[in-house]
Amino acid sequence: MATTAELFEEPFVADEYIERLVWRTPGGGSRGGPEAFDPKRLLEEFVNHIQELQIMDERIQRKVEKLEQQCQKEAKEFAKKVQELQKSNQVAFQHFQELDEHISYVATKVCHLGDQLEGVNTPRQRAVEAQKLMKYFNEFLDGELKSDVFTNSEKIKEAADIIQKLHLIAQELPFDRFSDVKSKIASKYHDLECQLIQEFTSAQRRGEVSRMREVAAVLLHFKGYSHCVDVYIKQCQEGAYLRNDIFEDAAILCQRVNKQVGDIFSNPETVLAKLIQNVFEIKLQSFVKDQLEECRKSDAEQYLKNFYDLYTRTTSLSSKLMEFNLGTDKQTFLSKLIKSIFISYLENYIEVETGYLKSRSAMILQRYYDSKNHQKRSIGTGGIQDLKERIRQRTNLPLGPSIDTHGETFLSQEVVVNLLQETKQAFERCHRLSDPSDLPRNAFRIFTILVEFLCIEHIDYALETGLAGIPSSDSRNANLYFLDVVQQANTIFHLFDKQFNDHLMPLISSSPKLSECLQKKKEIIEQMEMKLDTGIDRTLNCMIGQMKHILAAEQKKTDFKPEDENNVLIQYTNACVKVCAYVRKQVEKIKNSMDGKNVDTVLMELGVRFHRLIFEHLQQYSYSCMGGMLAICDVAEYRKCAKDFKIPLVLQLFDTLHALCNLLVVAPDNLKQVCSGEQLANLDKNILHSFVQLRVDYRSARLARHFS
């Protein structure tokens, strides 16, 4: 294999290089099998190849040395050349400095000469101009205008410049000597001004922006310049209001004029601001007045809707116009324009709002009660009513005839949604239409109306009616619908609370009215909770009373002291079955009527009262051995019913009662042991003794000795 430098180019792998060398050597590889392998031949090839590599290395080394010498030589030549260039650069820089100083000297001389020439030429030009003005003034003095500048209509620009200067001069002349010429100059001044405005108007109609710019620049020094701007604004609006949406038309008009006005006038921001002022004070104000005055006195609802819509669209248009250059304080400028349109409506807005909200809320409630054919009864107020309420809360006495409402709660989510929707819209209008300083106070007024009609006139009235409809605890087959009132009142109050947080809080969060609103809300909650608690308490009493009626009607003395002890086939008494069915029904009703911890609180109270009822009920009877077993079965069923409460305390009470019932059947000799058991050890001995006394064998078995 010929040895060349190309074989060692990257990537070079020594192992591959050796493999290729062996493979090319006859007898050096695996071709022909082991018999064909010739190590001597391979060694000889390796030795020859190593010699070739050494020769190639020497040749490459000589070439490298030659290149290094050449590189060193070129580096010396380059360094010498750089030094020569640096010297040339220094010489050129010195020449440049000399030239710069010479140019500065010449420039100073030229400026000085220019100042001298200007000092001579300026008075000369003024003299020439004064001579021309005197010539034109003489023409006015003679009463005959001969100059071409006044007779040629194409030179109106030059004529305007001259007459404007003559007009200024004429102002300084005494009236008694020059009254005639002053009037002629003023007349020509006025004629030219009218011609220029007419020319501007024609150019605008033709769409010649460049001509409009020229005429406007000439008129800038005339008194009629503002009239030119007025003409421009008036013509811009011709045909601009073709849609049904005047606000969109106004936005498009201002957008179009904003692009054009800078090419015509030297003060575009002033012209655009005047256009916007014209649009607001004439077009928009007229439109707003037509829309609002029509329904201001006849239809408050439509008036408020239109007012809110128009004000919102006007402020939206103002936001779009903020993008344009209208001067330094465009925010204040646009705010004043909006206020000028709506000032007469904003002044008494909150009075209209609250008046409408009160009448609308009253109508919604009245319409609901009319649909129920219900005449609202007056809820008594004052000292007697307060005294009755306190007595009723503490004693649960009815204090008056029970009102039969036929299960009607007099609460309606539809009514509540309507009231909240009206109030929500009122809050939105209040946020938009109230002055920032009046916003918290106005929002509070709306909130008090919501409290009055939703919380007092609707929820509180329903609670009062519900309380009056709760029967006495000794009533039979009473319809306990107050839990339905509780359920609906909770749902309604959640909606009320959501609106309070979502719509009222953002309006009052940073004002002193926040604490006032929170306090009022707290008072309403406490008032409602007090009435709900009273109603629930009396409802629970009615439930217990109903259970008493069931037990009194269904429980017989022979249930627990049967005549034939050996022929008792029932597992529990009929009274137990009916009471458990009634309790399960009421538990389910309570769970459906309440939420959260309220369910557990009410169920625990019902469970405790239920336990007390059964405890006292069992102590009214005497028990034989088989009767005691039946009592245990009844209590086991009551305990199973108590599990539905899912209240540990209630289950514990019935577990203890079940253990007490075991005292009715335990053998006399084991009585003491049972009394000291885990469940009964902590009970008062008098309670244990009272249960043992219910046994028919209490005297015969001398059971009293166990408690002496």
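The secondary structure of this protein amounts to 23 helices and 0 strands, as seen in a model that is predicted. Of the 708 residues in the protein, 38% are buried, and the accessible surface comes to about 41,900 Å², of which carbon and sulfur atoms supply 51%. Among the contacts in the protein with a sequence separation of 6 or more, 74% join residues that are 24 or more positions apart.

One segment can be followed from a database record into the coordinates. UniProt, in an unreviewed entry, places a "coiled-coil region" at residues 50–88; in the model this span is 100% helix and 0% strand, and its end C-alpha atoms lie 57 Å apart.

Helix H2, which covers residues 39–142, also includes Val106. Together with Tyr105 and Val110, Val106 forms a nonpolar patch on the surface, and the three residues have about 290 Å² of accessible area together. Val106 counts as partly exposed because its relative accessibility is 37%, a value that falls between the 20% limit for buried residues and the 50% limit for exposed ones.

Val415, a second valine, is found in helix H14, which spans residues 413–433. Its relative accessibility is 5%, and Val415 therefore counts as buried, the cut-off for that class being under 20%. What surrounds Val415, once its neighbours within four places in sequence are left aside? Val415 is then in contact with Ile364, Leu365, Tyr368 and His458. With Leu365, the sequence separation is 50 residues, whereas the C-alpha to C-alpha distance is 6.9 Å.

From a single buried residue the description can move to the interior as a whole. In soluble globular proteins, nonpolar side chains tend to be buried together. In this model the largest nonpolar core has 163 residues, and those with the most contacts inside it are Tyr232, Phe265 and Met547. Helix H15, formed by residues 439–469, gives the most to this core, contributing 16 residues.

Met547 offers a way to look at this core from within, as it is one of the residues with the most contacts there. When residues up to four places away in sequence are not counted, Met547 touches Val579, Tyr582 and Val583, and also Leu606, Phe610 and Leu613.

Taken together, the two valines illustrate two accessibility classes: Val106 is partly exposed at 37% and takes part in a nonpolar surface patch, while Val415 is buried at 5% and touches residues that include Leu365, Tyr368 and His458.

Terms used
Residues are numbered from 1 along each chain as its sequence is written. This is a predicted model: local features need pLDDT of at least 70, side-chain atom pairs count only at pLDDT 80 or more; totals for chains, interfaces and linings use all residues. Side-chain values use heavy atoms; hydrogens and water are left out. A nonpolar core is a set of buried Ala, Val, Leu, Ile, Met, Phe, Trp, Tyr and Cys residues joined through side-chain atoms within 4.5 Å. Buried means under 20% relative accessible area, exposed over 50%, partly exposed in between (1.4 Å probe, protein chains only). Helices (H or I, at least four residues) and strands (E, at least two) are DSSP runs, numbered from the N terminus. Contact means heavy atoms within 4.5 Å. UniProt positions are given in the numbering used here, feature names are shortened, and annotations may be inferred rather than shown by experiment. Patches are made of residues with over 30% relative accessible area and no salt bridge: like charges are joined within 9 Å, nonpolar side chains (Val, Leu, Ile, Met, Phe, Trp, Tyr) within 5 Å. Accessible areas come from the Shrake-Rupley method with a 1.4 Å probe; for residues, only the protein chains shown count as cover. A salt bridge is a side-chain nitrogen of Lys or Arg within 4 Å of a carboxyl oxygen of Asp or Glu.
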